[in-house]
2 protein chains.
Amino acid sequence: MGFIKTPTKGMRDFLPQEMSLREYVLNVMKDTYENFGFSLIGTPTVEHIENLTSNQGGENEKLIFKILKRGEKLDLSSENVNDLVDSGLRYDLTVPLSRFYASHMNELPSPFRAFQTGYSYRAERPQRGRYRELMQCDLDILGEKTCLAEIELITAVIAFLKKLDFQNFKIRINDRKILLKMIEYVGLPLEKVDSILIILDKMDKISLDGVKSELESLGLESSKVESYLKLFTNEKEDVEAFCNSFDLEQNILENLKEIMDTVKDVLNVELVFDPTLVRGMGYYTGPIFEISADGLSSSIGGGGRYDKMIENFAGVSVPAVGFSVGFERLLLLLEERGFIVPETKEKIAFVLKDHSKLKETCDEAKKLRSQNKIVKIVYRNKNFKFQKENLEKENYEIKEIW
Amino acid sequence: MGFIKTPTKGMRDFLPQEMSLREYVLNVMKDTYENFGFSLIGTPTVEHIENLTSNQGGENEKLIFKILKRGEKLDLSSENVNDLVDSGLRYDLTVPLSRFYASHMNELPSPFRAFQTGYSYRAERPQRGRYRELMQCDLDILGEKTCLAEIELITAVIAFLKKLDFQNFKIRINDRKILLKMIEYVGLPLEKVDSILIILDKMDKISLDGVKSELESLGLESSKVESYLKLFTNEKEDVEAFCNSFDLEQNILENLKEIMDTVKDVLNVELVFDPTLVRGMGYYTGPIFEISADGLSSSIGGGGRYDKMIENFAGVSVPAVGFSVGFERLLLLLEERGFIVPETKEKIAFVLKDHSKLKETCDEAKKLRSQNKIVKIVYRNKNFKFQKENLEKENYEIKEIW
């Protein structure tokens with residue numbers, strides 16, 4: 001019998017200290033989001049394979065852990081994967097949320113402020129900071145068509161990050177409608193929008209020249225590529241001037257400005273319009289945003305408006321905005337910073353020489369625990385010095401009983 | 001594209017109210033167990049298929065959700081299930097805990113007080129109170145060979161259940177060594193121990209006569225079955241007299257009495273020796289116990305000592321005792337009792353007529369939220385009466401802004 005001691009590939013055990021940090025961060029998050037009126041909901045980790053492979057998940061659909069059918073339904077003579085499986089592990093929380101909302105919208109307030117935490121699964125090649133089992137934390141406002149949704153989401157996430165001592169936030173913001181309009185305006189083919197945006201997304205890595213040559217290698221007309229890229233050399237700080245250079249509809253611009261002005265005013269946080277901000281998912285339909293903070297090379301979260309997605313499940317159109325914070329990345333950053341979870345309870349260890357005083361010790365422990373103190377009862381080890389050191393490392397005050 | 005709105009079979013979505021009860025119970029549990037010095041640990045939901053199918057899990061092994069291999073490793077021409085899968089969803093927390101401890105024992109205190117919560121998965125036929133995705137909450141003390149482990153586990157679980165207003169606990173206790181000794185004493189074949197104990201376990205359902213006829217239908221000698229069952233008609237209240245009737249070793253009896261006396265003394269809780277208590281799992285090696293409370297027809301938790309199991313993973317012998325509370329059953333009971341989660345925060349809903357006062361409202365909300373109040377900002381719906389009623393149902397105090 002081959003027992004295997006290590007976790008499955010790309011997944012992790014969490015030791016008490018790691019777990020205590022994870023719990024601490026989750027509790028701060030729950031407490032903060034609760035104050036914004038978000039309600040925690042729950043969805044199963046296992047999702048219908050049909051829902052997972054519906055082209056909502058982009059690249060993630062290639063990384064699904066698929067679950068074998070069971071009993072008579074499993075026909076092993078088939079060589080088609082689709083015949084063998086009926087479900088899979090979710091790769092994000094957005095697909096389950098959409099299914100959840102479609103299923104329960106009549107029982108929920110409208111607009112609905114949803115908060116979900118849970119593990120998602122992606123069969124990626126394991127690497128630092130990328131795991132096959134990853135905690136996700138999503139905030140969504142469903143049924144709110146105005147930018148109140150964007151403002152409240154950004155405000156909630158910043159309130160949470162501030163409580164973990166992150167400082168000097170910077171939010172890059174754009175609108176998918178702007179991305180589309182610019183492509184349309186210079187006459188580039190809209191059917192190539194996905195490829196064009198994937199290249200544009202690399203602007204800060206490969207610069208304008210790199211983007212130019214990659215766009216041309218798509219077979220796009222040079223002159224159109226040039227007029228397209230010229231738009232990006234305009235003054236970006238003044239959103240209005242920038243957007244006017246390609247005749248953007250006034251309402252899109254005003255909506256963006258209202259988000260930027262309100263968040264800046266209320267939170268004193270820097271919002272930067274960035275016309276090269278793309279964000280991967282094709283399901284976004286309006287404003288998109290990413291958040292970073294002091295000492296971070298890249299973003300720790302982001303989101304945007306996806307007004308069409310829930311319709312696939314619900315049959316009716318439901319405007320929606322979501323914001324997801326990269327929980328695992330946040331944990332790495334806190335660990336790097338040497339963040340220590342504040343201990344709030346007194347800790348006492350009763351060390352017994354033998355069991356002659358067991359009852360009295362249990363009685364005493366009961367009293368202290370009811371006063372919300374942490375009490376551990378242990379027998380004296382042969383190597384008491386080592387045992388003592390370890391208990392002290394865990395911050396236990398030691399009381400020897402004999 | 002076939003989107004499916006309902007959760008996968010036997011699994012559940014949790015609405016905000018349900019989720020809030022689950023969170024409340026989990027938090028009470030975490031807070032209580034923390035006071036007993038238990039450390040929360042984490043293990044992946046996905047486990048090696050080798051570890052899941054190692055005969056530790058009994059009947060549960062038939063209910064595994066198996067995960068298909070991926071990429072080149074998947075050879076669809078095979079018609080053997082074992083060739084197609086490399087992992088599965090855990091069906092309990094004991095297998096992962098054993099693997100975890102074997103993997104990390106050098107980094108953990110000894111004895112180690114472990115606390116784990118998380119979902120397990122069993123492809124059972126769905127029925128009331130039985131789910132394919134179920135929350136499990138396990139307490140274990142690893143590395144403690146004395147009955148201090150049993151006493152502390154029972155004390156911790158009772159402290160937790162008391163905080164949820166459960167009353168008048170009754171703990172049935174037995175020892176697997178007693179079960180074995182009785183079979184051996186009357187000369188019944190020890191190789192049939194599993195079948196014999198499965199039948200004995202039904203004592204309170206089919207009574208002594210039913211047990212007798214089922215044992216005989218196993219092909220066991222009538223006279224031996226009769227002497228076996230005669231043991232159970234002895235006075236059970238006096239453990240000592242009962243156990244002496246079949247020459248039980250003194251140390252087993254003394255150990256059991258020490259658990260019973262100490263728990264009774266310290267907690268004033270009724271402990272009942274029940275020689276027919278079996279508990280399913282074959283891995284138990286010593287004391288076993290089940291807990292019930294007022295108004296419960298059956299138990300809400302149980303556990304026992306399993307001193308041999310971790311050895312399979314660790315290679316060295318590690319004494320262990322575990323106690324698991326049936327979280328889903330507890331939730332059902334609390335819902336039946338109409339248990340309401342206490343609300344601790346003030347709730348305010350700002351209802352805006354239009355966006356002219358959005359900034360001021362965001363400012364005001366920021367202030368109130370920093371005072372730990374729950375604030376929701378919404379726009380006035382067309383049907384304001386309905387909106388108002390719903391907000392009031394959620395206990396929001398409504399402030400209209402115009």
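This passage looks at aromatic pairs, charges over rings and the surroundings of one arginine. The model is predicted, so local features need pLDDT of at least 70 and side-chain atom pairs pLDDT 80 or more, while totals for chains, interfaces and linings use all residues. Residues are numbered from 1 along each chain as written, chains are lettered from A in the order written, and side-chain values use heavy atoms, with hydrogens and water left out.

Across all chains there are 26 aromatic pairs (Phe, Tyr or six-membered Trp rings with centres within 6.5 Å; planes under 30 degrees apart are stacked, over 60 edge-to-face, the rest tilted). One of them, A:Tyr33 with A:Phe115, is edge-to-face, at 5.1 Å centre to centre and 85° between the planes. A:Tyr33 sits in helix α1 (residues 16-35) and A:Phe115 in strand β5 (residues 112-121), both of chain A, so the pair links parts 82 residues apart in sequence (helices are DSSP H or I runs of at least four residues, strands E runs of at least two, numbered from the N terminus). Both A:Tyr33 and A:Phe115 are buried (under 20% relative accessible area, 1.4 Å probe, protein chains only). Together with A:Phe38 and A:Phe160, these residues make up one aromatic cluster.

As for charges, A:Arg22 has its charged end over the ring of A:Phe14, 3.9 Å from the centre (Lys NZ or Arg CZ within 6 Å of the ring centre and within 35 degrees of the ring normal). In chain B, B:Arg22 lies over the face of B:Phe14, also at 3.9 Å.

Then there is B:Arg12, in the segment before α1 (16-35) of chain B. B:Arg12 is buried, with a relative accessible area of 16%.

Note on methods
Buried means under 20% relative accessible area, exposed over 50%, partly exposed in between (1.4 Å probe, protein chains only).
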